[in-house]
Amino acid sequence: MLLTSLYIIGITAEGMTGALAAGRHNMDWFGVIFIACVTAIGGGSIRDILFGHYPLTWVKHPEYLAIVCAAALLTTRIPFLVERFEKAFLILDALGLAVFSIIGARIGMEFHPSGAMAVAGAVITGVFGGILRDIFCARIPLVFQKELYASISLIIGSLYVILEFISQNYFHLNEDFILVGSLLVGFVIRLIAIRYHLGLPKFKYTPKNS
């Protein structure tokens with residue numbers, strides 16, 4: 001129940017930020033809704049297709065799609081308000097990243113016992129929505145340039161797998177403890193990365209003129 005509630009909050013926030021990105025490129029309402037949906041549920045859809053997890057989450061629960069569409073249309077009426085509370089949306093985005101990553105890790109574990117697939121599921125679910133959004137908006141994905149993001153999905157997925165391994169092989173850990181623990185660690189790390197502008201080393205290459 002907790003994870004579902006947080007997921008709804010996450011897709012709502014992601015849908016609104018996606019709609020705002022579409023607005024910056026002067027898209028019509030269809031474009032706004034499309035970009036919002038890609039941002040909010042695109043990563044989960046790619047994960048489901050790759051892992052053979054059918055029906056897709058938004059097909060099984062069409063109410064999620066309706067929520068994202070409603071959030072996108074609401075954003076077209078209050079864009080300046082959404083932009084004004086950018087910091088709040090960064091916090092919600094951090095929460096969404098943690099929730100999406102945990103969901104991806106859980107599904108990865110269900111369909112592929114390999115821990116590697118669980119970590120891959122976390123990263124795909126956590127970051128691919130934003131990557132698709134930026135591709136459709138004709139810009140280099142922010143996940144490749146800004147503060148730690150995909151790395152945090154990697155950490156969350158790895159922590160989830162480790163805690164599940166400990167629970168199954170050494171001593172039992174409550175499932176809620178595993179979920180909340182993984183979520184809090186990822187959420188806090190993301191906030192720290194935003195606060196102190198922490199990122200991976202960048203590679204800059206400038207070819208010499210011949």
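**Ring contacts, fold and local geometry of a predicted helical chain**

The charged end of R195 is placed over the ring of Y196, at 5.0 Å from the ring centre. The model in which this contact occurs is predicted, and the values below are computed from it.

Aromatic pairing was examined next. With the pairing rule applied, six aromatic pairs are counted. One of them joins F165 and Y170 in an edge-to-face arrangement, with 6.0 Å between the centres and 65° between the planes. The class follows from the angle, because planes over 60 degrees apart count as edge-to-face. F165 has a relative accessibility of 47% and is therefore partly exposed, whereas Y170, at 62%, is classed as exposed. A stacked pair is formed by F203 and Y205, whose centres are 6.5 Å apart and whose planes differ by 5°. F203 is exposed, with 75% relative accessibility, and Y205 is likewise exposed, with a relative accessible area of 60%. Both values exceed the cut-off, since exposed means over 50%. In addition, Y7, Y64 and F100 are linked by ring pairs into a cluster.

At the level of the whole chain, the secondary structure consists of nine helices and zero strands. The order of elements from the N terminus is accordingly α-α-α-α-α-α-α-α-α. The radius of gyration is 18 Å; a compact globule of 210 residues would have a value near 17 Å, so the two agree. The C-alpha trace extends over about 55 × 55 × 30 Å along its principal axes. Buried residues make up 44% of the 210 in the chain. The accessible surface amounts to about 11,700 Å², and carbon and sulfur atoms contribute 69% of this area. Among contacts with a separation of 6 or more, 74% are between residues 24 or more positions apart.

Annotated spans were then compared with the model. An unreviewed UniProt entry places the feature "domain: Glycine transporter" at residues 6–75 and 91–163. Residues 6–75 are 86% helix and 0% strand, with the end C-alpha atoms 20 Å apart. For residues 91–163 the helix content is 78% and the strand content 0%, and the end C-alpha atoms are separated by 25 Å. The feature "transmembrane region" is placed by UniProt, again in an unreviewed entry, at residues 6–22, 29–52, 64–82, 89–109, 115–136, 148–171 and 177–198. Two of these spans are described here. Residues 64–82 are 95% helix and 0% strand, and their end C-alpha atoms lie 20 Å apart. Residues 115–136 are 100% helix and 0% strand, with 32 Å between the end C-alpha atoms.

The span 115–136 coincides with helix 7, in which G115 is found. G115 is partly exposed, with a relative accessibility of 22%; the value does not meet the burial criterion, because buried means under 20%. The C-alpha atoms of G115 and Y160 are 9.2 Å apart in space, although these residues are 45 positions apart in sequence.

A22 belongs to helix 1, which covers residues 2–24. The relative accessible area of A22 is 0%, and this residue is therefore buried. Leaving aside residues up to four places away in sequence, A22 touches M27, G31, V32 and I35. Between A22 and L92, 70 residues apart in sequence, the C-alpha to C-alpha distance is 19 Å.

Backbone geometry was also inspected. The peptide bond between Y54 and P55 is cis, with omega about -5°. P55 is located in the loop between helix 2 (29–51) and helix 3 (57–60). Positive phi values in residues other than glycine occur at N26, where phi is near 55°, and at H197, where phi is near 55°. N26 lies in the loop between helix 1 and helix 2, and H197 in the segment after helix 9 (175–196). N26 is exposed, with a relative accessible area of 72%. H197 also counts as exposed, at 62% relative accessibility.

Definitions and conventions
Residues are numbered from 1 along each chain as its sequence is written. This is a predicted model: local features need pLDDT of at least 70, side-chain atom pairs count only at pLDDT 80 or more; totals for chains, interfaces and linings use all residues. Side-chain values use heavy atoms; hydrogens and water are left out. Rings of Phe, Tyr and Trp (its six-membered ring) pair if their centres lie within 6.5 Å; planes under 30 degrees apart count as stacked, over 60 as edge-to-face and the rest as tilted. Buried means under 20% relative accessible area, exposed over 50%, partly exposed in between (1.4 Å probe, protein chains only). A charge sits over a ring if NZ of Lys or CZ of Arg is within 6 Å of the ring centre and within 35 degrees of the ring normal. Helices (H or I, at least four residues) and strands (E, at least two) are DSSP runs, numbered from the N terminus. The radius of gyration is taken over C-alpha atoms; the globule rule is 2.2 Å times the number of residues to the power 0.38. Contact means heavy atoms within 4.5 Å. Accessible areas come from the Shrake-Rupley method with a 1.4 Å probe; for residues, only the protein chains shown count as cover. UniProt positions are given in the numbering used here, feature names are shortened, and annotations may be inferred rather than shown by experiment.
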